[in-house]
Amino acid sequence: MSPATCEAVAAPARRARRDWPTLALRALVGFGAALTLAVLAGLVGFVIVRGVPHITADLFAWEYTSENVSLMPALVSTLLMAATSLGVAVPVGVAAAIYLVEYARPGSRLVAVVRLTCETLQGVPSIVYGLFGLLFFTGVLGWGLSLASGAATLALMVLPVIVRTTEEALMAVPQSWRQGSFALGAGRLRTVVRCVLPSAAPGIAGGALLALGRCVGEVAALLFTAGTVAQVPDLLGRGPGALLDSCRTLATHMYVLANEGLHVDEAYACAVVLLALVIVVNLATNLTMRLLKGSR
């Protein structure tokens, strides 16, 4: 057998020996993905099986009673809480990120401190935010257990997430786009508004979605700041004064029902509604991000 023939025969064996780590890693990654998908499908399926049979018309009554344990006041309060907290956190977080990326001196100590602080605050347990909100918003400011106290606490919780995600989205915009805008005579503010922000809008929207998910699913912090009263704040009748009314979100409503032990089935039904709400929000956000990319 010629040397060329021996080389041709031995080459597949050498390639197989070199490729086995790649194959093993690919199998490990596939197993991890399959396991994650199975756990997710199991949790969602369990909630749906337990909750869907107990979704009734009484569960969506406008007023809560001990008989119907309606989730409608909690659902409305959840939407108001999320809208109020994001209405405060998103403008502040986006403005802070714009300053850090576009205006602050690169490599300055201030930028490093702010980034380290935001990364640290993202890992602080929510119960710590709840205790701070209880001491400051409900005590020092005198807001009591109210929608305003809960929304302010949630705004503090999600602010680091919005700052970091917006900062990463802004840094992903090519520097050449800024230089081209400056070369055409545009100033810093016009460049940011007309060039940088539209390009970073999908990333900013993704950060807002992460913040919204934390607002919707939070329980511990709101128990100390918003209370557990099952009522809809009377914004139409009292105006801004209704922000000082106590309320409960959908996640808190589920916790209260499950903790009492008398309406566990209704708690699973609330979980189905909350799951549907999260899915709708995700679909709406993805559609918005696609529209923004298409317009860009």
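**Close-up views of a predicted model**

**View 1. A nonpolar patch on the surface.** In this predicted model, L25, L28, V29, F31, L35, V39 and L43 together make a nonpolar surface patch of about 720 Å². One of these residues to look for is V39, which sits in helix α1 (residues 3-51). V39 has a relative accessible area of 45%, so it is classed as partly exposed.

**View 2. E102 and its neighbours.** Here we turn to helix α2 (residues 72-103), where E102 is found. The relative accessibility of E102 is 7%, and because buried means under 20%, E102 counts as buried. Its side chain makes a polar contact of 2.8 Å with the side chain of R178. Leaving aside residues up to four places away in sequence, E102 touches R178, R188, V192 and V196.

**View 3. An aromatic pair between F46 and Y268.** The model holds five aromatic pairs. In this one, the ring centres of F46 and Y268 are 5.7 Å apart and the planes meet at 80°, so the pair is edge-to-face. The two partners come from distant parts of the chain, 222 residues apart: F46 belongs to helix α1 and Y268 to helix α11 (residues 264-295). F46 is partly exposed, with 44% relative accessible area.

**View 4. A stacked pair within an aromatic cluster.** F137 and W143 form a stacked aromatic pair, with 5.6 Å from centre to centre and 15° between the planes. F137 is buried at 7% relative accessibility, whereas W143 is partly exposed at 31%. Widen the view a little to find the aromatic cluster formed by F132, F136, F137 and W143.

Conventions
Residues numbered from 1 in each chain as written. Predicted model: local features only at pLDDT ≥ 70, side-chain atom pairs only at ≥ 80, totals over all residues. Heavy atoms only, no water. Helix = DSSP H or I, 4+ residues; strand = E, 2+ residues; numbered from the N terminus. Buried < 20%, exposed > 50% of the residue type's maximum accessible area, 1.4 Å probe, protein only. Polar contact = N/O pair within 3.5 Å; in protein donor to acceptor, adjacent residues only side chain to side chain. Contact = heavy atoms within 4.5 Å. Patch = residues over 30% accessible without salt bridge, like charges linked within 9 Å, V, L, I, M, F, W, Y side chains within 5 Å. Areas by Shrake-Rupley, 256 points an atom, 1.4 Å probe, with all protein chains shown as cover. Salt bridge = Lys/Arg side-chain N within 4 Å of Asp/Glu carboxyl O. Phe/Tyr/Trp six-rings, centres within 6.5 Å; stacked < 30°, edge-to-face > 60°.
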